[in-house]
Amino acid sequence: MQPILEMRHISKRFPGVLASDNVNISLFPGEILAIIGENGAGKSTLMNILFGLYQPDEGQIFIKGEPVKILNPNQAIAHGIGMVHQHFMLVSPFTVAENIVLGAEPRRGLSLDINKAKKAVSEVSHRYGLRVKPEATIEELPVGVQQRVEILKILYRGAEIIVLDEPTAVLNPQEIKELYAIMQNLTSQGKSIIFITHKLNEVTNISQRVTVMRRGKVMGTVATKDTSPAELANLMVGRQVLLQVQKNPTEVGNTVLAVKDLVTQDLTGEKLLDRVSFEIRAGEILGVAGVEGNGQTELVEVLTGLRRAHSGSVHLNGAEITNFTARQVKERKVGHIPEDRQKRGLELDFTVQENLIFGFHYKPPFAKHGLLNKQGIAQHADRMIEEFDIRTPNSETITRSLSGGNHQKVIIAREMHQEPDLLIASQPSRGVDIGAIEFIHRRIVAHRDAGKAVLLISPELSEVLSLSDRVAVIYEGQIMGIMNSSEVTEEQLGLMMAGIRPENYHPLEERSPVHGR
Amino acid sequence: MGTIFDIAFLMATLRAATPLIIAALGGIFAERSGVINLALEGKMLTGAFAAVVVSYYTSNPWLGVLAAVLTAAGMAFIYAVASIKYRANQVVSGVAINMLAAGLTVFLVQVFFGTAGMSPAVTRLPNLGPFTPIVYLAPLLVGMSFLILYRTPWGLRIRAVGEHPKAAATVGISVINVRYACVVISGMLAGLAGAHLSIGTLSVFVRDMTAGRGFVALAAMIFGKWHPLGALGAALLFGFSEALQMRLQGGGIPSQLIQAVPYIFTMIVLAGFVGRATAPAALGEPFRNE
């Protein structure tokens, strides 16, 4: 069978990176081809080339065997290529119909024929079973439906080749199921789909073939039924991925962090943290599990000086630090990896160099006599980039241009370089790719092995369980219980995360105190 | 009170509102496409001046109007090149256009007429009934702008470019071309508004004769929520306050205070009654083709 689309020997260079390196892919009629790779592997670059947003430095595109030049999105559309971008290209105050016909509007004389537009939209939406209301405005629709509008938009333009760029990133599990059904329906009607993702399980669920990319290169293309997630992961990362974190037992030392009866409330007086108590000792990782929004954010904020405690106390290495400022906390060697790295962790439009010293910028060797010391900062940055494997052209690159995983490495480098006695890591692997997750997990465990204390907060149960020595479950601002992670089951944790205390289901006669271990 | 609010007062209101209405429409076109339009004032002033020069030499005020429209469009084009092509800061380049217009017109008055800051009297536009034709044209332009922006494919594209330029680009719309066209149209409208000031209500050019009306028009645009009909209403309100100012003069109140009335009025309206004015989402963001 002849491929409907082929990209042959595509190369594209950007300043400092080879984003596409002699890439070959082919797509057959009626198939779903998954392209998988870590963030920054070159998937989006390749698709932008296909859609005419970038011009390749080398290589050629063939459609139904014919060589074509695609200089802009118009030409891509004319060749039957449609793209659903990761960030939706929808005008929020416009209606569904207006968005779909934009750029190819039906007319009556000089004016826009809105009735015809609505009819055309209903027609396309019927044919492909994608239900939407043409009169609804985009801003009132849930994301899943907005995505449907995006798909309709390209179908309205007669797309035969449909590119979905990380379409599941914004969807909830139910919406993902619906999307899969839509994709299958489209291929059964003869459309061909390229499905970009970095999630392994999605590939096996939906695609016929998988092309794996790493660092701008195609590492291989395999039939989905002949492969396994482990094989794909190896291809993606280029080495055996440790799906299980390797962790040896360590000696625990003195108490590093002692939190006692901590309470904080919002402006209305509602308690966000309710008599929270726990201790972390040197050489130990305490994980905090719980459904997001149960006080985890507030707990971290109080410990790092970003929010006031109304009562209770926090001691670090035996000295009280309750309600210290963020700088005071930091100066007592507490590292903080914030949960929202774009909002709190980085100044995205500053250089990597600058982001690597925030919070330490006033101290030597970064500052002398109140002035920044460029040389000291640059040397430090180069060391950090090397040690933490930050993939950046150089230390003066604007941080925004790096991938999510590298953003996180910049923060981790900054927070860990002073070897803090206590590391507070909040959702450290949120939104980063497998390779970076593995790196981050290894660093956290190494920190603990070096005899430091770690407080790990994560909504991912598997992350908490595999990294932590002990697990605390938080529910509505209260600690429901703390136990050894080797002795607890996911079911027990699940019950506690739903607010059921262990003593209420404990099968033993004797009730153990909640904070007893 | 009956002696203040009479027919003459109503006509003064319409006359004063006319340049505000037309310039506000110009503002709407540019800003709906995502380009901030602080240069309305300078473009009006340029138009006012060009109208007088051409009317002076040809004795044909209609050619003067044409010259005003074209010259202000030229000024707008300079602004477009700076802000769209070279992605200069739109606030700064808008202010630069205003300063350029203020300085250049004074200089050229000297060159053309050999006088300081004021031209000789020129042929003004004839009245059609109580008003010049431009006053009648203003509501027509409002209607046309409304139809273009909300009933044509082109209007849909303009608004899309101002809200989400990337989305427009991905469906093959040239963001750059749409913005150029809109900024030039805004210049043409501002030029027309300027001609109304110099050869519509008066028959001379006086330095800085726009006296902030470009900014009041901008306020009308915001108060009218970037919608032609809203801007019409707002411009009439501001025209009313200007007429009131003229009427109150000589009534024993210090003239400086009275002259400040329209501006104070504008500030109160903007501060208190705009509510949630929703500017086009991509307003002021230069677009880069990737």
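User: What radius of gyration does chain B have, and with which value for a compact globule does it agree?

Analyst: The model is predicted, and its chain B can be set against the globule rule. For 290 residues, a compact globule would have a radius of gyration near 19 Å. The C-alpha trace of chain B spans about 60 × 45 × 35 Å along its principal axes. The radius of gyration of chain B agrees with the expectation, at 19 Å.

User: How many helices and how many strands does chain B have?

Analyst: Read from the N terminus, the elements of chain B run α-α-α-α-α-α-α-α-α-α-α-α. The count for chain B is therefore 12 helices and zero strands.

User: What percentage of the residues in chain B are buried?

Analyst: A residue is buried if 20 or more other C-beta atoms lie within 10 Å of its own. Among contacts in chain B with a separation of 6 or more, 77% join residues 24 or more positions apart. Of the 290 residues in chain B, the buried share is 51%.

User: Which element gives the most to the side of chain A that touches chain B?

Analyst: The contact draws 18 residues from chain A and 16 residues from chain B. On the side of chain A, two or more residues come from each of α2 (73-78) and β8 (111-112). With three residues, the element that gives the most is α2(A).

User: Which residue class, nonpolar, polar or charged, has 10 residues on the side of chain A that touches chain B?

Analyst: On this side of chain A, five residues are polar and three are charged. The class with 10 residues is nonpolar.

User: Which are the edge strands of the six-stranded open sheet in chain A?

Analyst: The order of the strands in this sheet of chain A is β18-β21-β22-β15-β23-β24, with mixed pairing. The twist from one strand to the next averages 15°. An edge strand pairs on one side only, and in chain A these strands are β18 and β24 (478-484).

User: Are the residues of strand β18 (residues 334-337) of chain A buried or exposed?

Analyst: In a regular strand the side chains alternate between the two faces of the sheet. In β18(A), Val334(A) and His336(A) lie on one side, with Gly335(A) and Ile337(A) on the other. Both faces are covered, and these four residues are all buried.

User: Which residue in β21(A) is the bridge partner of His336(A)?

Analyst: Strands β18(A) and β21 (residues 422-426) of chain A run parallel and are joined by four bridges. Within this pairing, Val334(A) stands opposite Leu422(A). The bridge partner of His336(A) is Ile424(A).

User: Which helix of chain A lies across β18 and β21, and which packs on β15, β23 and β24?

Analyst: The helix across β18 and β21 of chain A is α14 (residues 404-416), running at about 170° to β18(A). The helix that touches β15 (284-289), β23 (470-475) and β24 of chain A makes about 30° with the direction of β23(A). The two helices are, respectively, α14(A) and α17 (residues 490-497) of chain A.

User: How many residues of helix α9 (residues 296-303) of chain A are buried?

Analyst: The buried residues of α9(A) include the charged residues Glu298(A) and Glu301(A), as well as Leu299(A), Val300(A), Val302(A) and Leu303(A). Gln296(A) is also buried. Just after α9(A), Gly305(A) takes a positive phi of about 85°. The helix is mostly covered, and the number buried is seven of eight.

User: Where in chain A is the cis peptide bond that ends at Pro365(A)?

Analyst: Most residues other than glycine have a negative phi, and most peptide bonds are trans. The bond from Pro364(A) to Pro365(A) is cis, with omega near 5°. Pro365(A) is found in the loop between α12 (352-355) and β19 (367-368) of chain A.

User: Are His369(A) and Glu419(A), each with a positive phi, buried or exposed?

Analyst: Phi is near 50° in His369(A) and near 50° in Glu419(A). His369(A) is in the loop between β19 and β20 (371-372) of chain A, while Glu419(A) is in the loop between α14 and β21 of chain A. Within 10 Å, His369(A) has 6 other C-beta atoms and Glu419(A) has 12. Since the cut-off for an exposed residue is 12 or fewer, His369(A) is exposed and Glu419(A) is exposed.

User: Over which residues of chain A does pLDDT stay under 50?

Analyst: The mean pLDDT of chain A is 88, and 95% of its residues reach 70 or more. Where pLDDT is low, the predicted coordinates should not be read in detail. The model has nine contacts beyond four places in sequence for the stretch under 50, which is residues 506-517 of chain A.

Terms used. Residues numbered from 1 in each chain as written. Chains lettered and ligands numbered in written order. Predicted model: local features only at pLDDT ≥ 70, side-chain atom pairs only at ≥ 80, totals over all residues. Contact = placed C-beta atoms within 7 Å. Rg over C-alpha atoms; globule rule 2.2 N^0.38 Å. Pairing = 2+ DSSP bridges. pLDDT = per-residue confidence, 0-100. Axes fitted to C-alpha atoms, helices over the stretch in contact; angles between N-to-C directions.
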